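Subject: The model we talked about

Hi there,

Here is the structure I promised to pass on. Have a look at it first, and then read on for my notes.

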Amino acid sequence: MAERNRTVLISGASIAGPTLAYWLSKYGFDVTVVERAETIRGGGYPIDVRGTAVDVVERMGILRQLQAAHIHSQKITFYDPDGGIAGVIRPEELTGGEEGRDIELPRGRLTESLFDLTKRQSVRYWFKDSIATLNDDGSGVDVSFKSGRRSRFDIVIGADGLHSNTRRLVFGQEGPFNRYLGYCFNGFSIPNDLGLSHESVTYATPGRIAVLSASGDSDTLHAFLTFASERPPFSENHDADKQRKLTAEIFAGGGWEIPRLVKAMMESDDLYYDVVSQIHMPRWSAGRVALVGDSAFAPSFLSGQGSSLALVGAYILAGELASHEEHGEAFTAYEQIMRPFAEANQALAGRGATFLLPRTSEELEARNQALASLQSSDQENMPGDESRDVHSSLRLPDYAAALEAAAKRI
């Protein structure tokens, strides 16, 4: 372990980045995180920490505080095009009795917890900056930043999301790795004028879906307008005003709360929009640069596993870097362990897509029939119910024990 105090640059301060920073710092690495935003990205919209990822946050010592932030969503109500109720699902009846193994919480609570952990260590953050160039000469990586700063690191890790800048600089343009799933979404917040609490409601017509989520008893709802499109109608740099107009045109004439939601989207100051895509790559590393989280294996929100994969991938990558003197061996081991788990979870996106986002009248009718059958059952056949086995299919290596044993042998 003579080289264990290596310098590492992590690009991205969302979920994978701070998790990786925490573990690497714990193992004795000198860690810097660069983030183009002014601070960590919070947000109150709900995310999930499931299965193996629960083991990660437990080992980080934050399981109880995340469980305390659990939203306890009581129901999801599905509306027909005419505004009638097609059915109701009660999420906590789908966890199979595994208390604490499926945590739904506001995204910001997770990112804040991860950030706080790293701030107690020697991790340094460079906010409002990003990588401009990377030059891997075999013995290190020279990095120049948009700010004009220059520095050299032993290892660089891209944890900068679906449209990863690090991936583009090292592996080329995103196109060959982006697997578009046929949908675009718009997320924004609105006042909770409907009095929703601990619940979500979804309204669907063929190819157009609106969702409102209440994370607890908040005065704010998290709204999503999602539509089907055979080809992605915009790139990551698409103009926001054009996106607003396109979405308004697609949802024109909609019933239920659609006119109000479209108006709110047009006026929103926190609109976040993107395509629904996955990232599939033949390898996750090149030389001294590697990728983790959505940068390497984005599963899309249709899988419900983006946050969990980010946590698990960061834990595995840090542990393998700590367990190997050679970065190449560490990257190989990381991929051998993580790839089967990542791909199995990516595959979940296809199982419930037509249920959650019906494209056609036939798919919408099939969804309604499934909902009707669930009303008189215990919901055991809910699409995605079998996914719990996939969520927990990876057993975490105990790197702390391995490092302790190695230290005793030296």
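Helix H6 (residues 240-250) and helix H7 (residues 258-267) pack with their axes 10 Å apart, at an angle of about 175°. That angle makes H6 roughly antiparallel to H7, a label that applies over 145 degrees, while under 35 degrees is roughly parallel, 65 to 115 roughly perpendicular and the rest oblique. The axes are lines fitted to C-alpha atoms, for helices over the stretch in contact, and angles run from 0 to 180 degrees between N-to-C directions. Helices (H or I, at least four residues) and strands (E, at least two) are DSSP runs, numbered from the N terminus.

Before going further, please note that this is a predicted model, in which local features need pLDDT of at least 70 and side-chain atom pairs count only at pLDDT 80 or more, while totals for chains, interfaces and linings use all residues. Residues are numbered from 1 along each chain as its sequence is written, and side-chain values use heavy atoms, with hydrogens and water left out.

Which residues bring the two helices together? On the H6 side they are Arg-244, Lys-245, Thr-247 and Ala-248, and they meet Val-262, Met-265, Met-266 and Glu-267 in H7; contact here means heavy atoms within 4.5 Å. Sorted by class, this contact has four nonpolar, one polar and three charged residues. In that scheme Ala, Val, Leu, Ile, Met, Phe, Trp, Tyr, Cys and Pro are nonpolar, Asp, Glu, Lys and Arg are charged, and the others, Gly among them, are polar.

Thr-247 of H6 deserves a closer look. Is Thr-247 buried or exposed? Its relative accessibility is 0%, so Thr-247 counts as buried; the cut-offs are under 20% relative accessible area for buried, over 50% for exposed and partly exposed in between, with a 1.4 Å probe and protein chains only. Leaving aside residues up to four places away in sequence, Thr-247 touches Asn-186, Leu-225, Phe-227 and Met-265. With Asn-186 there is a side-chain to side-chain polar contact at 3.3 Å. A polar contact is a pair of N or O atoms within 3.5 Å; within protein, one must be able to donate a hydrogen and the other to accept it, and residues adjacent in sequence count only if both atoms are side-chain atoms.

Both helices also lie across strands. H6 crosses E12, E14, E15 and E16, running at about 75° to E15, and H7 lies across E12, E13, E14 and E15, at about 90° to E12. These strands belong to an open sheet of seven, in the order E5-E4-E13-E14-E15-E12-E16, with mixed pairing. Two strands pair if DSSP finds at least two bridges between them. Strand E5 (85-89) and strand E16 (272-279) are the edges, each pairing on one side only. On average, neighbouring strands of this sheet are turned by 20° against each other, direction ignored. Within the sheet, strand E14 (residues 208-214) and strand E15 (residues 220-228) run antiparallel and are joined by six bridges, with Ser-213 opposite His-222 in E15.

Two loop residues have a positive phi without being glycine. His-198, with phi near 50°, sits between strand E12 (178-191) and strand E13 (199-205) and is buried at 17% relative accessible area. Trp-256, with phi of about 55°, is in the loop between H6 and H7 and is partly exposed at 25%.

There is another open sheet, of six strands in the order E7-E2-E1-E11-E18-E17, also with mixed pairing. Its edge strands are E7 and strand E17 (285-286). Strand E2 (residues 30-35) pairs with E7 in the parallel sense over four bridges, and Val-34 has Trp-126 in E7 as its bridge partner. Helix H1 (residues 16-26) packs on this sheet, touching strand E1 (7-11), E2, E7 and strand E11 (155-158), and its direction makes about 165° with that of E1.

One last pairing: strand E8 (residues 131-136) and strand E9 (residues 141-145) run antiparallel over five bridges. They form a hairpin with four residues between them, and Gly-138 in the turn has a positive phi of about 100°.

Happy to go through any of this with you.

Best wishes
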